[in-house]
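Reader: Can you walk me through this one? I'd like to start at the ligand and then see the sheets and the odd backbone spots.

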Amino acid sequence: MLKPESTIGILGGGQLGRMLAMAAARLGLRCHIYSPEADSCAFDVADAVTVAAYDDEAALARFAEAVDVVTYEFENVPAQTAAVLAAHREVQPDPQVLAKTQDRLIEKQAIAALGIATAPFRPVDSAIEAFAAAAALGVPAVLKTRRLGYDGKGQRMIGSADEAAMAFAALGEVPCILEGFVRFEREVSVVAARGVDGTVACFDLTENEHRDHILRRSIVPATASAALEQEAQRIAERIATAFDYVGVLAVEMFAVRDGAGEILVVNEIAPRVHNSGHWTIDGATVSQFEQHIRAVAGWPLGQPVRHGRVEMLNLIGSEVNDAARWLTAPGACVHLYRKGEARPGRKMGHITRILPG
Ligand code: AMP
């Protein structure tokens with residue numbers, strides 16, 4: 001268990017690193033942020049910063065020596081970067097988890113091995129395999145690159161086997177996975193924390209709406225029966241425990257109609273704090289960011305209590321120019337990330353609203 005005033009090293013300088021550092025400060029812990037970009041928004045709220053590339057082994061070693069534990073705010077940490085850090089300092093969550101979640105095929109196989117439902121899937125390494133996989137799984141289907149996809153990047157909807165072969169070429173002929181299209185009622189997620197002692201604490205099930213593949217709005221509680229919510233939390237707990245995970249992870253799921261009820265199909269795991277958990281900063285007594293800091297510091301997890309019905313709206317691209325109107329809206333909390341240019345699709349901030357009733 002780290003002493004108060006210890007230093008958490010965070011790899012990555014975006015808004016997730018920024019909100020982690022703010023949560024750490026509340027607990028009397030310091031943060032040192034490592035990012036290749038000199039203008040990283042997390043630097044504004046950090047005690048120390050390193051500007052260096054993720055393959056600068058000397059800078060990584062100095063950073064690791066300067067902190068008490070290392071964590072990260074994104075999942076695509078290169079394996080070699082994690083190995084260099086781990087040679088000098090404890091890294092949490094264990095970089096071995098990244099090997100499971102950086103590759104959509106390995107991730108789906110790991111989830112399926114736990115007896116948890118996923119969309120049907122097939123590995124695709126050639127145009128012929130893309131054609132054959134679409135013929136076998138049926139259409140519609142979704143072709144996704146195995147690595148480095150996010151916010152809908154690196155994926156294509158498939159309406160026919162011919163289209164699958166063409167989409168494989170359009171995605172750059174890199175290793176892919178073809179997934180059957182899931183006709184879901186809604187998308188939900190569980191943000192869960194697991195402590196070093198194996199305790200798991202889940203936030204309430206969150207309902208998520210996407211626009212152009214980017215999370216637009218989250219609402220809590222989700223439209224779901226108590227049994228479905230418990231099942232979603234059991235799934236997240238099973239995954240966190242099986243991965244021997246320490247820190248916060250998010251499990252994104254589809255709720256699918258099944259007779260009179262609904263069942264859950266896991267879409268993907270994010271081994272980090274997650275956009276669908278941003279509501280917890282203002283909407284719960286302990287946020288996802290604080291839970292992550294507690295977990296990696298070896299502190300006991302909190303038992304968060306939610307402050308009523310909560311909505312989170314992302315401010316995407318130019319929507320941030322209109323943020324001032326939220327300053328006076330009842331129950332609204334305004335979060336702006338200081339990310340500079342409001343490029344289309346870029347997450348610039350978010351609003352949390354505590355809703356009446
Ligand atoms: P992902 O990059 O896997 O998180 O996918 C981004 C979004 O695309 C999801 O949030 C869904 O809205 C949609 N999507 C992804 N995979 C599927 C699927 N197999 N069936 C239906 N919709 C999907």
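Author: We will take the ligand, then two sheets, then some backbone details. Keep in mind that this is a predicted model.

Reader: Ok, ligand. Which residues come nearest?

Author: Lys144, Gln155, Val182, Glu187 and Glu268 come nearest, out of 15 residues around the ligand.

Reader: What is the mix of nonpolar, polar and charged in that shell?

Author: An even split. Five residues of the shell are nonpolar, five are polar and five are charged.

Reader: Polar distances next. How far is the side chain of glutamate 187 from a ligand oxygen?

Author: The distance is 2.6 Å, taken from an N or O atom of the glutamate 187 side chain to an oxygen atom of the ligand.

Reader: And glutamine 155?

Author: One of its polar side-chain atoms sits 2.9 Å from an oxygen atom of the ligand. Asparagine 267 also has a polar side-chain atom facing a ligand oxygen, at 3.3 Å.

Reader: How much of the ligand does the protein bury?

Author: The protein buries 93% of the ligand's area. On its own, the ligand would expose 480 Å².

Reader: Which strands supply at least two residues of the shell?

Author: Three strands do: β6 (141–145), β8 (176–180) and β14 (261–270).

Reader: Where does the ligand lie relative to the domains?

Author: It lies between domain 2 (120–180) and domain 3 (186–355), because both give residues to the shell.

Reader: Switching to sheets. β8 and β6 came up already. What is the strand order in their sheet?

Author: The order is β5-β8-β6-β7. This is an open sheet of four strands, and the pairing is antiparallel.

Reader: Which strands are at the edges?

Author: β5 (121–124) and β7 (155–158). Each of them pairs on one side only.

Reader: What's the turn between neighbours?

Author: On average, neighbouring strands of this sheet are turned by 20° against each other, with direction ignored.

Reader: How many bridges join β5 to β8?

Author: Four, and the two strands run antiparallel. To place one on the model, look at arginine 122: its bridge partner in β8 is leucine 178.

Reader: Now the parallel sheet. What order do its strands take?

Author: They go β3-β2-β1-β4. This open sheet has four strands and parallel pairing.

Reader: Why is one side of β3 and of β4 left without a neighbour?

Author: β3 (48–51) and β4 (69–72) stand at the edges of the sheet with a single partner strand each, so one side of each has no neighbour there. For this sheet, the average turn between neighbouring strands is 20°, direction ignored.

Reader: How do β2 and β3 pair?

Author: In the parallel sense, over four bridges; β2 covers residues 30–35. Serine 35 has valine 51 in β3 as its bridge partner.

Reader: Last topic, backbone. Which peptide bond is cis, with omega near -10°?

Author: The one from glutamine 92 to proline 93. Proline 93 is in the loop between α3 (79–88) and α4 (96–101). The bond from valine 220 to proline 221 is cis too, with omega near 0°.

Reader: Where does proline 221 lie?

Author: In the loop between β12 (214–220) and α8 (226–242).

Reader: What about phi of histidine 213?

Author: It is positive, near 70°, and the residue is not a glycine. Histidine 213 lies in the loop that runs between β11 (206–211) and β12. Aspartate 244, also not a glycine, has a positive phi of about 50°.

Reader: Which loop holds aspartate 244?

Author: The loop between α8 and β13 (247–258).

Definitions and conventions
Residues are numbered from 1 along each chain as its sequence is written. This is a predicted model: local features need pLDDT of at least 70, side-chain atom pairs count only at pLDDT 80 or more; totals for chains, interfaces and linings use all residues. Side-chain values use heavy atoms; hydrogens and water are left out. A residue is near a molecule or strand if one of its heavy atoms lies within 4 Å of it. A polar contact is a pair of N or O atoms within 3.5 Å; within protein, one must be able to donate a hydrogen and the other to accept it, and residues adjacent in sequence count only if both atoms are side-chain atoms. Accessible areas come from the Shrake-Rupley method with a 1.4 Å probe; for residues, only the protein chains shown count as cover. Ala, Val, Leu, Ile, Met, Phe, Trp, Tyr, Cys and Pro count as nonpolar, Asp, Glu, Lys and Arg as charged, and the others, Gly among them, as polar. Domain bounds come from an automatic or database domain assignment. Two strands pair if DSSP finds at least two bridges between them. Axes are lines fitted to C-alpha atoms, for helices over the stretch in contact, and angles run from 0 to 180 degrees between N-to-C directions.
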